[in-house]
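Work through these exercises with the model open. Each one sets a task and then solves it step by step.

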Amino acid sequence: MRNTEERTALVMERIRTLERRRRSMETAGLSVLSVFLLLAVVTLLGRLGGGGAGTLSEGMAASSLLAEDAGGYVLTAVAAFMAGVAITVLLRNRRDKQKMEEEEK
């Protein structure tokens, strides 16, 4: 028969194992989400691009943002920036929360 200390140690080890598994699943999920967002941005750029490879070869890459057809690019850039900021904030909050939980132990 095990004493209280042994049972407590086993429970704590199981908790650590489950936490590692949960973090691993979260990391995998965030990786899949990042790849999906990257593919979505690339797809949007491809569909809204219109001009193809000849657009930048004219030497007026910066002035293309002032053209009428640049709305899609601007929208895509803003959406990508917002998604990046949101993911960064969520990950930072998660990391801070984990640090606080580790300090409490």
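**Exercise 1. An arginine and its partners**

Does Arg-22 count as buried, partly exposed or exposed, and at what relative accessibility? Then trace its salt bridges.

Solution.
- Step 1. This is a predicted model. Arg-22 has 35% relative accessibility. Buried means under 20% and exposed means over 50%, so Arg-22 counts as partly exposed.
- Step 2. Look for a partner on the N-terminal side. The side chains of Glu-19 and Arg-22 meet in a salt bridge, at 2.7 Å from N to O.
- Step 3. Check the spacing. Glu-19 and Arg-22 are three residues apart in helix H1, so about one helical turn separates them.
- Step 4. Look the other way. Arg-22 also forms a salt bridge with Glu-26, and the closest N and O atoms are 2.6 Å apart.
- Step 5. Check this spacing too. Arg-22 and Glu-26 are four residues apart in helix H1, which again means a separation of about one helical turn.
- Step 6. Join the pairs. Salt bridges with shared partners link Glu-19, Arg-22, Glu-26 and Arg-94 into one network.
- Step 7. Place the two glutamates. Glu-19 is partly exposed at 25% relative accessibility. Glu-26 is partly exposed at 27%.

**Exercise 2. Another pair in the helix**

Which residue forms a salt bridge with Arg-16, and how far apart are the closest N and O atoms?

Solution.
- Step 1. The partner is Glu-13, with the closest N and O atoms 3.2 Å apart.
- Step 2. A salt bridge needs a nitrogen-to-oxygen distance within 4 Å. The value of 3.2 Å for Arg-16 and Glu-13 meets that cut-off.
- Step 3. Both residues sit in helix H1, residues 4–49. They are three residues apart, so about one helical turn lies between them.
- Step 4. Arg-16 is partly exposed, with a relative accessible area of 39%. Glu-13 is partly exposed as well, at 37%.
- Step 5. Put the pair in context. The whole structure holds five salt bridges.
- Step 6. Recall the principle. Side chains of opposite charge can pair when their charged atoms come close.

**Exercise 3. Two surface patches**

Which residues form the negative surface patch, and which form the nonpolar patch?

Solution.
- Step 1. Start with charge. Glu-101, Glu-102, Glu-103 and Glu-104 form the negative patch.
- Step 2. Take one member. Glu-102 lies in helix H2, residues 71–104. Its relative accessible area is 53%, so Glu-102 is exposed.
- Step 3. Turn to the nonpolar patch. Its members are Tyr-73, Val-74, Val-78, Phe-81, Met-82, Val-85 and Val-89. Together they have about 640 Å² of accessible area.
- Step 4. Take Val-85. It is placed in helix H2. At 37% relative accessibility, Val-85 counts as partly exposed.
- Step 5. Take Tyr-73. It too is found in helix H2. Its relative accessibility is 34%, so Tyr-73 counts as partly exposed.
- Step 6. Test the patch cut-off. Members need over 30% relative accessible area. Val-85 passes at 37%, and Tyr-73 passes at 34%.

**Exercise 4. Across the chain**

How far apart in space are the C-alpha atoms of Leu-38 and Ala-80? Add a second pair, then describe the whole chain.

Solution.
- Step 1. The C-alpha atoms of Leu-38 and Ala-80 are 8.6 Å apart, while 42 residues separate the two along the chain.
- Step 2. Leu-38 belongs to helix H1. It counts as exposed, at 55% relative accessibility.
- Step 3. For the second pair, use Tyr-73 and Val-41. They are 32 residues apart in sequence and 9.8 Å apart in space, C-alpha to C-alpha.
- Step 4. Count the elements. The chain has two helices and zero strands.
- Step 5. Assess burial. Of the 105 residues, 4% count as buried.
- Step 6. Finish with the surface. The accessible surface comes to about 9000 Å², and 65% of it belongs to carbon and sulfur atoms.

Technical notes
Residues are numbered from 1 along each chain as its sequence is written. This is a predicted model: local features need pLDDT of at least 70, side-chain atom pairs count only at pLDDT 80 or more; totals for chains, interfaces and linings use all residues. Side-chain values use heavy atoms; hydrogens and water are left out. Patches are made of residues with over 30% relative accessible area and no salt bridge: like charges are joined within 9 Å, nonpolar side chains (Val, Leu, Ile, Met, Phe, Trp, Tyr) within 5 Å. Accessible areas come from the Shrake-Rupley method with a 1.4 Å probe; for residues, only the protein chains shown count as cover. Lys and Arg count as positive and Asp and Glu as negative; His and the chain ends are not counted. The place of a charge is taken as NZ of Lys, CZ of Arg, CG of Asp or CD of Glu. Buried means under 20% relative accessible area, exposed over 50%, partly exposed in between (1.4 Å probe, protein chains only).
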